[in-house]
Amino acid sequence: MPSYQAPVADVLFLLNDVLRMQDHDDLAGYAEASPDIVVAVLDEAAKLAGQQLQPVNLSGDQEGCRRAADGSVQTPKGFKAAYDAYAEGGWIGLAFDPAYGGQGLPYLLAAAVSEFFISANMSLSMYPGLTAGAAAALLTHGSEELKRLYAPKMLEGRWTGTMNLTEPHCGTDLGLLKTRATRRDDGSFSLTGQKIFISAGEHDLTENIVHLVLARIEGAPAGVKGISLFVAPKFLLDAAGNPSEKNAVSCGSIEHKMGIHGNSTCVMNYDGAQGWLVGEENRGLNAMFVMMNEARLMVGVQGLAQSEVAYQNAASYARERLQGRALTGAKSPEKPADSLLVHPDIRRILLEIRAFNEAGRAFALWLALQSDIAHRSPDAKAREKAADLLGLMTPVLKGVLTDRGFDNCVKAQQVFGGHGYIVEWGMEQFVRDARIAQIYEGANGIQALDLVGRKLPANGGRAITAFLTEVGAFLKANDGDEALKPLLGPLSASLGHLQKATLWLMQNALAAPDNAGAAATDYMHLLGLTALGYMWAKIAKAAFADADPARADFLQAKRACALFHAERILPETALRLARIQTGAGVTMSLPAELF
Ligand SMILES: Cc1cc2nc3c(=O)[nH]c(=O)nc-3n(C[C@H](O)[C@H](O)[C@H](O)COP(=O)(O)OP(=O)(O)OC[C@H]3O[C@@H](n4cnc5c(N)ncnc54)[C@H](O)[C@@H]3O)c2cc1C
């Protein structure tokens, strides 16, 4: 059986020493998040993750969801009790506006605890995770009436939320979508069409499900400019706002899939279902983007969370498993063999994962802080810079953390040898569960295109300039720091690669867009690696400044991982730059019929 321990100490170190959340009292909700509250929140989240969510992860995977002939869907045994504990803890509304039932705490904290929940049970955490995303979209774009009707019940966890974009013939290219919305006399709409792959579309956890649905109002323009967003509950609401009559939406089937078996993936049939417009007509994609951006951050954290739990299990297996002898002579001569940890290649695997996890966590939390600054700061300039960084880095966090997160799960599985392939150890589940995060919420290739095609050139390159300037200023400010020197040299080299790649794209992509398409994934990883290197430099600076003997082991590990990242991982940016600079020539030269 796999195990999981939430990394509370690491999160506290990041919040207090690296990101210094205590210096951000000007952000709404931060004054309320006193050090005591932060510790209490993290401890409670760790308890929920370890005691309620994790124990039903493996069994939930094996049992999966089941659909009955009447269209109802049963989640695995124990999911309902675990979900109820999650909802009762107030976790869904942690960072939401108290006027709608939230607790008004920093989103930074919500992001931190979401990693714990996902590591413990990715399938289960998707039900409340999607609910938070749907509530955010309603609160940003819905009318006051819709907000009052839906948001409090969703934040309380009494109702869950879904996002309905995908149709059989369209996933990435939403301009093709066919679901129709017809006006009714009372101002609402009738929705007709089929959506596929809808996560948490039907289940037995709550008394109602709130579907956010993209559809085209009759007569609307073709393409993405004719798409509107609607809210359509599973049960229509009576005058008091309680679920009553069943709406004309049903689950036609559920998918049998590679992973996340505990989360129902549904075909949803809308047969004239009653729905209400959210936001403006034909501006649905814009409204849905609130949910999608929120969900992209959550999916990025899924990559990290699976990598973390896989690492924890691989590290403890490597400590226990006796196999072979150290190349330098027996380390445990009294035992029949040394532990796997004596082997440099096993250490390489573990350190590659850990050096990614700890910087990935810092990156996710740094971005969550940018989100709080962008939405809550009283200072307009600070808001603008943070919004720029958030927009630029959201596809990077999603794409890089999930690509590397999946790779890391495979690496951690490798530490187990053949046992990693056997179900009871849980490692193959981490691999299967992590895989979807690279695909949904916009496949990673699309994240890379979004970065290169939209985010990079926006506002004359203001966001990437802000990032390059911030890292450059950090390097300059710490120039004479001898302890940081081994990290700053490689970071400076990576920053140079990023600058060259950005310039190359500016000079070569406008006239020949295939150059941008061929470079996109490498550029996303180059930017992501540099961001992770920057995070390690910030982490190391805080760690080097701390001589607390009570956490000497913790700080020693930080220093080792920082150095490992600088020496063994960051040099990959040179490779990424070299690939980018080759352009699209060879890639596009092979005629289609020869594939
Ligand atoms: C388990 C699961 C859960 C899901 N949950 C939801 C959900 O809750 N709600 C929802 O609406 N959808 C959901 N999805 C759908 C998911 O978001 C889509 O599968 C995904 O966006 C890709 O769309 P597609 O499958 O149609 O692939 P396609 O769009 O056909 O793309 C196929 C491949 O081509 C690439 N590609 C496509 N267009 C381009 C282009 N212009 N340039 C370069 N590359 C391109 C893509 O990156 C991808 O690798 C889920 C899917 C799964 C499997």
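Of the 20 residues around the ligand, which come nearest?

**View 1. The shell around the ligand.** In this predicted model, L165, G171, T172, S199 and A443 come nearest to the ligand, out of the 20 residues around it. Three elements each give two or more residues to this shell: strand β3 (159-164), strand β5 (189-199) and helix α12 (444-455). Sorted by class, the shell holds ten nonpolar, eight polar and two charged residues.

**View 2. The hairpin of β4 and β5.** Let's stay with β5, one of the elements that help to surround the ligand, and look at its pairing with β4. Strand β4 covers residues 180-183 and runs antiparallel to β5, with four bridges joining the two. One pair to look for is R183 with its bridge partner F189 in β5. Five residues lie between the strands of this hairpin, and G187 takes a positive phi near 95 degrees.

**View 3. β5 beside β11.** Here β5 meets strand β11 (residues 265-278), again in an antiparallel pairing, and nine bridges join them. To find your way, start at Q194, whose bridge partner in β11 is N269.

**View 4. Helices α14 and α16.** Now for a pair of helices. Two packed helices are described by the angle between their axes and the distance between the axes. For α14 (residues 485-508) and α16 (residues 552-569), the axes come within 9 Å and cross at roughly 35 degrees. The crossing is left-handed. On the α14 side, P486, L487, P490 and L491 make the contact, meeting A562, L563 and A566 of α16. By class, this contact has seven nonpolar residues, with no polar and no charged ones.

Methods: Residues are numbered from 1 along each chain as its sequence is written. This is a predicted model: local features need pLDDT of at least 70, side-chain atom pairs count only at pLDDT 80 or more; totals for chains, interfaces and linings use all residues. Axes are lines fitted to C-alpha atoms, for helices over the stretch in contact, and angles run from 0 to 180 degrees between N-to-C directions. A crossing is left-handed if the near helix is turned anticlockwise from the far one by less than a right angle, and right-handed if clockwise. Two residues are in contact if their C-beta atoms, placed from the backbone, lie within 7 Å. Ala, Val, Leu, Ile, Met, Phe, Trp, Tyr, Cys and Pro count as nonpolar, Asp, Glu, Lys and Arg as charged, and the others, Gly among them, as polar. A residue is near a molecule or strand if its C-beta atom, placed from the backbone, lies within 6 Å of it. Two strands pair if DSSP finds at least two bridges between them.
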